[in-house]
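Let's look at a protein chain together, one question at a time. Have the sequence and the 3D view ready.

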Amino acid sequence: MSICRTSIAEFYNEADADKFEAEHVTNFDSMFPEAEQTINSRVSPTTYISSTVYANMEDIEKTNDGARKTFLDKHQDRMKSISTHVGKVTLSK
């Protein structure tokens, strides 16, 4: 059963969001090799949504203390808030 982790990040300003997005897009494959698919949306100048599908919960958990934590820690001063939601994928194409 595939699992999706969706993270919604709100930044202090557009420049902070730009820096986060640029690094996220450039380094995503090397940071998250377990990911099967990802869709990122910039829904406002300061809001970024990333939904990533993994084969199982174990693959998500592999990233929590490694690449994901390192990346979020690096950008923590740019983010007003981040919320994360994890759930099973009910539609996949």
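The questions below start with the whole chain and then turn to one helix.

Q: In what order do the elements of the chain run from the N terminus on?
A: Keep in mind that this is a predicted model. Its secondary structure comes to three helices and four strands. Read from the N terminus on, the elements run β-α-β-β-α-α-β.

Q: What radius of gyration does the chain have, next to that of a compact globule?
A: The C-alpha trace spans about 35 × 25 × 20 Å along its principal axes. For 93 residues, a compact globule would have a radius of gyration near 12 Å. The chain agrees with that, at 13 Å.

Q: Which residues of helix 2 are buried?
A: Here buried means under 20% relative accessible area. Helix 2 covers residues 57-64, and the ones that are buried there are D59, I60 and T63. They sit on the same side of helix 2, because they cover an arc of only 100° around the axis. This fits a general rule: an α-helix has 3.6 residues a turn, so residues three or four places apart point the same way. The buried residues, then, are D59, I60 and T63.

Q: Which residues on the other side of helix 2 are exposed?
A: Exposed means over 50% relative accessible area. On the side of helix 2 away from the buried residues, those exposed are E58 and K62.

Q: At the start of helix 2, which residue has a side-chain oxygen that reaches to the backbone nitrogen of E58?
A: Look at the start of helix 2, at the backbone nitrogen of E58. The side-chain oxygen that reaches to within 3.1 Å of this nitrogen belongs to N56.

Conventions:
Residues numbered from 1 in each chain as written. Predicted model: local features only at pLDDT ≥ 70, side-chain atom pairs only at ≥ 80, totals over all residues. Heavy atoms only, no water. Buried < 20%, exposed > 50% of the residue type's maximum accessible area, 1.4 Å probe, protein only. Helix = DSSP H or I, 4+ residues; strand = E, 2+ residues; numbered from the N terminus. Arc of directions from axis to C-beta. Polar contact = N/O pair within 3.5 Å; in protein donor to acceptor, adjacent residues only side chain to side chain. Rg over C-alpha atoms; globule rule 2.2 N^0.38 Å.
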